[in-house]
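Welcome, and take a moment to look over the model before reading on. The report below walks through a few of its helices and how they meet.

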There are 2 protein chains.
Amino acid sequence: MSLADVIELRRATDPAWLKLAIERFDEVLIDHAHCEKKAAANALSILQAYPTVPGLPAQMARLAREEAAHLARVLQIMEKRGLVLGVDRGDPYAQGLQKLMRNPNAERQLDRFLVAGIIESRSHERLALLASGLEDPALQKFYDELAKSEDGHQKLFLRLAREIADDAVVEARLGQLLDGEAELIARLPIRAAVH
Amino acid sequence: MSLADVIELRRATDPAWLKLAIERFDEVLIDHAHCEKKAAANALSILQAYPTVPGLPAQMARLAREEAAHLARVLQIMEKRGLVLGVDRGDPYAQGLQKLMRNPNAERQLDRFLVAGIIESRSHERLALLASGLEDPALQKFYDELAKSEDGHQKLFLRLAREIADDAVVEARLGQLLDGEAELIARLPIRAAVH
């Protein structure tokens, strides 16, 4: 079996999302800050939960540093536009994916890595769409850079998944989760938000 | 009233701590990684809890980035010494300080800022002691740099406390918490750990 090194999403984002995201970009930006915050916190939480997986602590420390750096940059862009962060109202997409995770320890560990990878893969798609749709060249460059970075992160989580489970187990579970994610993307209303 | 811009601890570390910390430095290093992880996670948690305090989100994002960068560097030093992170067994010092925090929202917010500042101040003292006691010049330099950075963080948390409460309230509560911290430091057994 030849194994993919990227997580291929099974449903493309509705073009209506990009139209809304560009029209209400300020709201997307605020949501984006919350996403980066959650990504940094999740990297630290995975480090806390699985410190004995070889290489994982260093990888999650660097990931947390990178996501926190992205967060700082998003907040800087927000400040220039006179936007304030406000309370995180939660993210139905991330919450929907949480519900797909299994609870027993070994299954949960694999699911955490795969779900984190799927979120990075979806973020990669969405941020690349923003880069293509925004007119401001500085913002285009920013989102292009961030999209590439998310692409690296999804590969990282897929590699971690393969380190802790057999290839066939990873492929089967990844397929189930990707189906679940595609169903979720189809079902959730389009929002002026990253997801 | 002239206001201090640093948090002055009320009890110096017992010299026996430095002796033990140098003798069992590998254990201290592992604990130090866990401390940096908790500091980064705490910065994100404070950002999550108080996103409307002016300037706080950007400051906490930069703090999380810096603590995650320190964590990555500590893990790198550990790797060179063949050390693995292992499970976080918890920190009786941080847990003792948690118990001093009040629960109503406004009081809790002030206490979180002040306790975070006190931990940074104690970390500053301890890391400076390590810098003075370690023989390896690279480690000396590393701990000297980190001690300076912790010093900046304690000032940051003190400034945040002054932004959300009257000076007299901050002084009074800081005094109580510093007394509590001094009592805790006197009471806890000396460990091969940062605190």
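At roughly what angle do the axes of helix 1 of chain B and helix 5 of chain B cross, and within what distance do they come? The axes of helix 1 (residues 15–23) and helix 5 of chain B cross at roughly 60° and come within 10 Å. Axes here are lines fitted to C-alpha atoms, for helices over the stretch in contact, and angles run from 0 to 180 degrees between N-to-C directions. Helices (H or I, at least four residues) are DSSP runs, numbered from the N terminus.

Before going further, a word on the ground rules. This is a predicted model, where local features need pLDDT of at least 70 and side-chain atom pairs count only at pLDDT 80 or more, while totals for chains, interfaces and linings use all residues. Residues are numbered from 1 along each chain as its sequence is written, chains are lettered from A and ligands numbered from 1 in the order in which they are written, and side-chain values use heavy atoms, with hydrogens and water left out.

Back to the first pair: helix 1 of chain B and helix 5 of chain B make a right-handed crossing, the term for a near helix turned clockwise from the far one by less than a right angle, with left-handed for anticlockwise. Trp17(B), Leu18(B), Ala21(B) and Ile22(B) of helix 1 meet residues of helix 5 that include Arg126(B), Leu129(B) and Leu130(B). Contact means heavy atoms within 4.5 Å. This contact has six nonpolar, two polar and one charged residues; Ala, Val, Leu, Ile, Met, Phe, Trp, Tyr, Cys and Pro count as nonpolar, Asp, Glu, Lys and Arg as charged, and the others, Gly among them, as polar.

Helix 5 of chain B (residues 105–133) also holds Arg112(B). Is Arg112(B) buried or exposed? Arg112(B) counts as buried, because its relative accessibility is 15% (buried means under 20% relative accessible area, exposed over 50%, partly exposed in between, with a 1.4 Å probe and protein chains only). Beyond its neighbours within four places in sequence, Arg112(B) is in contact with Asn42(B), Ser45(B), Ile46(B), Ala49(B), Tyr50(B) and Met101(B).

Now to helix 3 of chain A, which has two partners listed here.

| Partner of helix 3 of chain A | Angle | Axis distance | Crossing |
|---|---|---|---|
| helix 3 of chain B | about 160° | 8 Å apart | left-handed |
| helix 6 of chain A | roughly 160° | within 12 Å | left-handed |

The angle makes helix 3 of chain A roughly antiparallel to helix 3 of chain B, a label for angles over 145 degrees. Among the residues that meet there are Ala61(A), Arg65(A) and Leu75(A) on one side and Ala61(B), Arg65(B) and Leu75(B) on the other. The contact residues divide into 18 nonpolar, no polar and four charged.

Helix 3 of chain A is also roughly antiparallel to helix 6 of chain A. Leu63(A) and His70(A) are among the helix 3 residues in this contact, with Phe142(A) and His153(A) among those of helix 6. By class, there are eleven nonpolar, four polar and five charged residues. Glu163(A) lies in helix 6 of chain A too, and touches Val53(A) and Pro54(A), not counting residues up to four places away in sequence.

Finally, the two chains as a pair. A rotation of 180° with 0.0 Å of shift along its axis superposes chain B on chain A (RMSD 0.0 Å), by least squares on the C-alpha atoms of residues with pLDDT of at least 70 in both. The two copies are therefore related as by a two-fold rotation axis. In chain B, Arg65(B) has the C-alpha nearest the axis, 2.3 Å from it.

Definitions and conventions. Helix = DSSP H or I, 4+ residues; strand = E, 2+ residues; numbered from the N terminus. Parallel < 35°, antiparallel > 145°, perpendicular 65-115°, else oblique.
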